[in-house]
Amino acid sequence: MILSSRIDQPLSCLRCCLCRLPTCGVAPFFAFATAILGTWVFVWFIQRIRFKDLVMVPLVGIMFGNVIGGITSYLAYKYEMTQALSSWLVGHFSLVLKGRYEIVWLTVPLVILAFLFANHFNIVGLGRDFSQNLGVPYNLVLFSGLTLSAMITAIDYMKI
């Protein structure tokens, strides 16, 4: 009895935090942090495994996404948050109302920054050796591009 209460205590704390997440103003930071963490783990995983065929990279990405989706669905079912999960997984601008559209302006400098570094992102997309031959720092541009795209995506969840 005592052991089960020790195990359930962190899970109930997690449930309490997840239920209050959209209303406490932490949602955009949580969305940003998990997006960054997930993409960095995926890139780390892909860089550690050497494939003979480049078709394997998207297949591993699909499998990784399904594993993360399965864990997320399990937690949503366990804590009866499936409706909240379905609303979180769909991008929307329903929080942008008349007089509350200022949050959209936060994306403008990020999109301009992404536009300015688009050539570097394209060079990094051609591979590590190609980008190093052209003098582009591969890891710096890769992780800055992932961070920039996660920040643009996380702005959708911000509340004023």
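## An all-helix chain, its second largest pocket and a nonpolar patch

In this predicted model, Leu106 sits in the loop that joins H4 to H5. Leu106 has a relative accessible area of 41%, and because this value falls between the cut-offs of 20% and 50%, the residue counts as partly exposed. A partner from much further along the sequence helps to place this loop residue: Leu106 and Met151 are 45 residues apart along the chain, yet 9.8 Å separates their C-alpha atoms.

It helps to step back and look at the whole chain. The model contains eight helices and zero strands, and reading along the sequence gives the pattern α-α-α-α-α-α-α-α. Among the 160 residues of the chain, 20% count as buried.

Close to Leu106 in the numbering, a nonpolar patch appears on the surface. The patch is formed by Trp105, Val108, Ile112, Leu113, Phe115, Leu116 and Phe117, and together these residues have about 750 Å² of accessible area. One of them, Phe117, belongs to the loop between helix H5 (107-116) and H6. With a relative accessibility of 38%, Phe117 counts as partly exposed.

The next feature to explore is an open space. Rolling a probe the size of a water molecule over the atoms shows where empty space is left. The second largest pocket in the model has a volume of about 720 Å³. Its lining is made of 22 residues, and those closest to the pocket centre are Ile46, Val124, Gly127, Arg128 and Tyr138. Two or more lining residues come from each of helix H2 (27-48), helix H3 (56-78), helix H6 (118-125), helix H7 (128-133) and helix H8 (138-154). The largest share of this lining, five residues, is given by H8. Sorted by chemical character, the lining of the second largest pocket holds 15 nonpolar, four polar and three charged residues.

Two of the residues closest to the pocket centre, Ile46 and Tyr138, can also be used as landmarks for distances. Ile46 and Pro58 are 12 residues apart in sequence, and their C-alpha atoms are 10.0 Å apart in space. Pro58 is part of helix H3, and its relative accessible area of 49% makes it partly exposed. For Tyr138, the comparison residue is Gly125: the two are 13 residues apart along the chain, with 9.3 Å between their C-alpha atoms. Gly125 is found in helix H6. Its relative accessibility is 63%, so Gly125 counts as exposed.

Finally, the backbone at Glu80 deserves a look. Most residues other than glycine have a negative phi. At Glu80, however, phi is near 55 degrees, a positive value in a residue other than glycine. Glu80 is placed in the loop between H3 and helix H4 (82-88). This residue counts as exposed because its relative accessibility, 68%, is over the 50% cut-off.

How values were computed: Residues numbered from 1 in each chain as written. Predicted model: local features only at pLDDT ≥ 70, side-chain atom pairs only at ≥ 80, totals over all residues. Heavy atoms only, no water. 1 Å grid on protein atoms, 1.4 Å probe; cavity = no way out; pocket = protein on both sides within 12 Å on 5 of 7 lines; lining within 4 Å. Points joined across faces, edges and corners; volume = space filled by probe spheres on them. Helix = DSSP H or I, 4+ residues; strand = E, 2+ residues; numbered from the N terminus. Nonpolar A, V, L, I, M, F, W, Y, C, P; charged D, E, K, R; others polar. Patch = residues over 30% accessible without salt bridge, like charges linked within 9 Å, V, L, I, M, F, W, Y side chains within 5 Å. Areas by Shrake-Rupley, 256 points an atom, 1.4 Å probe, with all protein chains shown as cover. Salt bridge = Lys/Arg side-chain N within 4 Å of Asp/Glu carboxyl O. Buried < 20%, exposed > 50% of the residue type's maximum accessible area, 1.4 Å probe, protein only.
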